[in-house]
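Okay, thanks for squeezing me in, everyone. I'll put the structure up and then walk through a few things in it.

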Amino acid sequence: MENVKTDELGPLKITYLHSQKADLNAVIVVDNTALGPSIGGVRVSPSVSALEVARLARTMTLKNSIAGLPHGGGKAGIIAGPRRADKEHMFRVFAKLIRGLDEYIPGPDMGSDEQCMEWVHEETGRATGLPAEIGGLPLDKYGATGFGLSECAQVACPYVEVELEGAKVALHGFGNVGRAAASFLAKKGAVLVAASDSQGAVFNGEGLDLEELLEIKKGTGSVINYGDATRMGAEDVLTVPCDILIPAATPDVISMDNVHSIKARLILQGANIPATNEAEQELARMGILCIPDFIANAGGVIMAAMEYARKTAEDAFKAISDRIRQNTYLIIGKSRSENKLPRTAAEEIAKERVFEAMKARDY
Ligand code: NAD
């Protein structure tokens, strides 16, 4: 495991799990709990590392803070293929082993879903993103994060002189976040021109038929089986001609290797940490507005926190709209008036709230 760097915010606790018998290897990072018990998803991936989990946990600290939630940031990574045959057993063992780690409240993330959260909840009594049948607000089924991205787009578009009605959208990742973002953006008149998944991508500058694409993804498992489009590599969607680019899959896909080929005027970070720091600075120099992950994709965790506080889906959607719109205005305004990256402007606001809460605690 790589060395995770620490700073004034955390991480507070790093826990490694290993069970040879259950074939389970996992890491949980509780980054900061000054604002309350940490909330963050459980990522299941063969390549997830302690460093990635720590970076994601920090993103959650900032995201939960700026969204005004009574929660700190945490994250878990289970090092396994997402379609393992013994997934239920693996999750139940994972849950049993984190029973005492009550500063961490799990939620769904890449490779985990509401069913996994139900198993965790049965074993520990704490999890978010639960099925509706047991009183949860299944945030992926509701498309909470995609809804938040569409609200963010509505606020950000005028700053880059893009009309959302008719705007061309490219999506890297057509999972829970990508599909919901496409659907909510389509309701606001935007046109999906490209979409990718782990098998590849399709592009049609005139627009893809969203209903058909959703059917094809569901029926065949991949967007690449969509007919009326040019096929390309998954990463090629990042550089197609479009107005709005939404990375909604894996970390660090926008880097110095491809940043100069990006043609979008607005990037909404649906995925967590989808761009390297250098690439984000370069995007700003190129005049491309990039709304950072912990503002743009906060819809999921806002709904998770509302579920934890026993609020309704209606309350959750209102909170997502209000907070994401307000924060998008706030950080674009601050970044322009103080000549800072949107991420820097957002981090300053988020950290201030955490530091205030830390003053009241002795750790
Ligand atoms: P998901 O597992 O439902 O979907 C991931 C998608 O990415 C799939 O379509 C998969 O095929 C695709 N993908 C994987 N590797 C790829 C690659 N190399 N190139 C192109 N596509 C690839 O996951 P999700 O819930 O949609 O989450 C996506 C991202 O959004 C993650 O970074 C996650 O942390 C972040 N996020 C999710 C939520 C949420 O509410 N689900 C909230 C905030 C942030």
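So, a question to start with: does α5 pass α11 in a right-handed or a left-handed crossing? Before I answer, keep in mind that this is a predicted model. Right, the answer: the crossing of α5 past α11 is right-handed. Helix α5 covers residues 144–156 and helix α11 covers residues 313–337, and they pack at an angle of about 40°, with 9 Å between their axes. That angle makes α5 oblique to α11.

Staying with α5 for a second, look at the loop between α5 and β6 (168–172), because that's where you find E161. E161 isn't a glycine, and yet its phi is positive, about 55°. And while we're on backbone oddities, go to the segment before β1 (13–19), where P11 sits. The peptide bond from G10 to P11 is cis, with omega near 0°. For context, most peptide bonds are trans, and most residues other than glycine have a negative phi.

Okay, on to the second largest pocket, which holds about 590 Å³ of space. It has 23 lining residues, and the closest to its centre are R55, R58, I273, N277 and E347. Which elements give two or more residues to that lining? Those are α1 (50–66), α8 (277–285) and α12 (342–359). Of the elements, α1 gives the most, with six residues. As for chemistry, the lining divides into nine charged residues, eight nonpolar and six polar.

And where does that pocket lie relative to the domains? Domain 1, that's 13–64 + 72–137, and domain 2, 144–297, both give residues to the lining, so the second largest pocket lies between them.

That's what I had, so over to you for questions.

Technical notes. Residues are numbered from 1 along each chain as its sequence is written. This is a predicted model: local features need pLDDT of at least 70, side-chain atom pairs count only at pLDDT 80 or more; totals for chains, interfaces and linings use all residues. Side-chain values use heavy atoms; hydrogens and water are left out. On a 1 Å grid over the protein atoms alone, a cavity is a set of points where a 1.4 Å probe fits but cannot get out, and a pocket is an open set with protein on both sides within 12 Å along at least five of seven lines; lining residues have an atom within 4 Å of a point. Grid points are joined across faces, edges and corners, and a volume is the space filled by probe spheres set on the points. Helices (H or I, at least four residues) and strands (E, at least two) are DSSP runs, numbered from the N terminus. Ala, Val, Leu, Ile, Met, Phe, Trp, Tyr, Cys and Pro count as nonpolar, Asp, Glu, Lys and Arg as charged, and the others, Gly among them, as polar. Domain bounds come from an automatic or database domain assignment. Axes are lines fitted to C-alpha atoms, for helices over the stretch in contact, and angles run from 0 to 180 degrees between N-to-C directions. Angles under 35 degrees count as roughly parallel, over 145 as roughly antiparallel, 65 to 115 as roughly perpendicular and the rest as oblique. A crossing is left-handed if the near helix is turned anticlockwise from the far one by less than a right angle, and right-handed if clockwise.
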